[in-house]
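Take a slow look at the fold before you read on. We will go from one part to the next.

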Amino acid sequence: MKIGIVGLPFVGKTTIFNALTGAEAETSTYAGGQTSNISSVQVPDPRLDALAEIFQPESVMPTAINYIDVAGVSKGDLERGGFEAGFIAELREVDALAHVVRVFEDTSVPHIDGAVDPARDIETLDLELAFADLKIVEKRLERLERDLRVSKDADLEYQFKTLKQCEQALQAGIAIRELDLSEAAEKAIRGYQFLTRKPLFIILNVGENQSEPVAEIESQFEAYAQKENTDLFTLSAQIEMEIAQLDPEEAKIFLTEMGLPESALNRFIQASYHLLGLITFLTVAGSNEIRAWTVQNGTTAVEAAGTIHTDMARGFIRAETISWQELVDLGGFTQARDAGRLRLEGKDYIVQDGDVLTVRFNV
Ligand SMILES: Nc1nc2c(ncn2[C@@H]2O[C@H](COP(=O)(O)OP(=O)(O)OP(=O)(O)O)[C@@H](O)[C@H]2O)c(=O)[nH]1
Ligand SMILES: [Mg+2]
């Protein structure tokens, strides 16, 4: 999973990137010439730890999230009326966008539009993203129109119809992620990797000495967060970056002192799984490896097998399945089998979050 961190200049993107990854990328109050920051973070999962306790494997393999702090939005880009091509290209590849919005007040950090105004900033970036998508939609529609005049083709006509729908939405200020598209329509436009189709987090970067309660700030954006495939996430970048740079023991003490239940790093991972509709299943390979796998909610056993290895999907026989908790409680596979708790699931079984799967296959 790859998440792209975007936002206007100086809003705290790199500070948040550091908070979410533990990296120490340079933050600044001047823009220009930077490259994108990329980092991969292992997803901490207590279920893996509990299983490791029992099986004592040689290795434990958590899943990972990749974050990219995309360079390239500067006041210049916005004034020229569009993002750079390189910036867009990098963003096309991500699974979700995290739009960092400045709420914190700090006179030493300039704001490109003169004053802190989160609602205005959200609108500014939304417009830019919509504009980038619209350019592609229009170009493609023009092309399709020409092609369709020469020869009729049902697939192309369907694509034309779907893109028209996107065009109308974008022109009306509606993101593609908000449209209720059929599966076929989704498929017809998937290849374009539209930016406004990607699930979106609005990350409110609140100040470390924020006088207004967080709940009050969040309530102003509730309607926005209600939109399809959209979520709100609040943090204080400055504080969280400091937490991320402490060792785990110190971080725990610091979090308790601050009255925070968990670090933003962990909270954001959970929120990302939720927004993207992802679940985790686990595998225990003999005595040597326990591993977590991320799949879309609704994935079948045979599809899950295919994420491990294509052979496993091709020669799929069954998946011996048990929830991680039950496996831990019973103390191992032998005990689980003896207790009759190891279920034999077929191809169409819908994998559940926390399932431990042992795929039997034959190729
Ligand atoms: N007081 C305060 N300052 C912050 C906070 N987050 C970021 N800053 C400061 O704001 C400035 C810009 O932060 P960056 O993380 O570099 O912002 P950015 O969005 O990556 O900026 P560009 O990449 O240049 O567009 C730095 O001086 C940060 O220290 C915050 O929560 N509180
Ligand atoms: Mg930056």
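Is Thr15 buried or exposed? Thr15 counts as buried, because its relative accessibility is 11% (buried means under 20% relative accessible area, exposed over 50%, partly exposed in between, with a 1.4 Å probe and protein chains only). This is a predicted model: local features need pLDDT of at least 70, side-chain atom pairs count only at pLDDT 80 or more, and totals for chains, interfaces and linings use all residues. Residues are numbered from 1 along each chain as its sequence is written, chains are lettered from A and ligands numbered from 1 in the order in which they are written, and side-chain values use heavy atoms, with hydrogens and water left out.

Thr15 sits in helix α1. Helices (H or I, at least four residues) and strands (E, at least two) are DSSP runs, numbered from the N terminus. Leaving aside neighbours within four places in sequence, Thr15 is in contact with Thr27, Ala237, Gln238 and Met241. Contact means heavy atoms within 4.5 Å.

Now find the sheet. It is open, has 6 strands and follows the order β2-β4-β1-β5-β6-β7, with mixed pairing. Two strands pair if DSSP finds at least two bridges between them. The edges are β2 (37-42) and β7 (230-235), and each pairs on one side only. On average, neighbouring strands here are turned by 25° against each other, direction ignored. Look inside the sheet at β1 (residues 2-6) and β4 (residues 64-69). They pair in the parallel sense over 4 bridges. Ile5 stands opposite Asp69 in β4.

Which helices lie on this sheet? Helix α1 (residues 13-21) lies across β1, β2, β4, β5 (96-102), β6 (200-205) and β7. Its direction is at about 25° to β2. Helix α5 (residues 118-150) packs on the sheet too, touching β1, β5 and β6. The direction of α5 makes about 145° with that of β5. Axes are lines fitted to C-alpha atoms, for helices over the stretch in contact, and angles run from 0 to 180 degrees between N-to-C directions.

Helix α5 also has a helix partner. It packs with α6 (residues 154-171) at an angle of about 150°, and the axes are 9 Å apart. Many residues make this contact, including Leu134, Leu141 and Leu148 of α5 and Phe160 and Leu163 of α6. By class, the contact has 10 nonpolar, 2 polar and 7 charged residues. Ala, Val, Leu, Ile, Met, Phe, Trp, Tyr, Cys and Pro count as nonpolar, Asp, Glu, Lys and Arg as charged, and the others, Gly among them, as polar.

Move on to helix α13 (residues 301-308). Ala301, Val302, Ala304 and Ala305 are buried there. They are on the same side of α13 because they cover an arc of only 155° around the axis, taken from the directions from the helix axis to the C-beta atoms. The buried residues of α13 pack against β8 (278-285), α14 (310-314), β10 (316-323) and β12 (355-361). Strand β12 is largely enclosed by the rest of the structure, because 5 of its 7 residues are buried. Strands β10 and β12 run antiparallel, joined by 7 bridges. Thr321 stands opposite Leu357 in β12.

Last, check two loops. Gln56 lies between α2 (46-55) and β3 (59-61). Its phi is near 45°, a positive value in a residue other than glycine. Gln56 is exposed, with a relative accessible area of 60%. Asn229 lies in the loop between α9 (222-225) and β7. Phi of Asn229 is near 55°, again positive.
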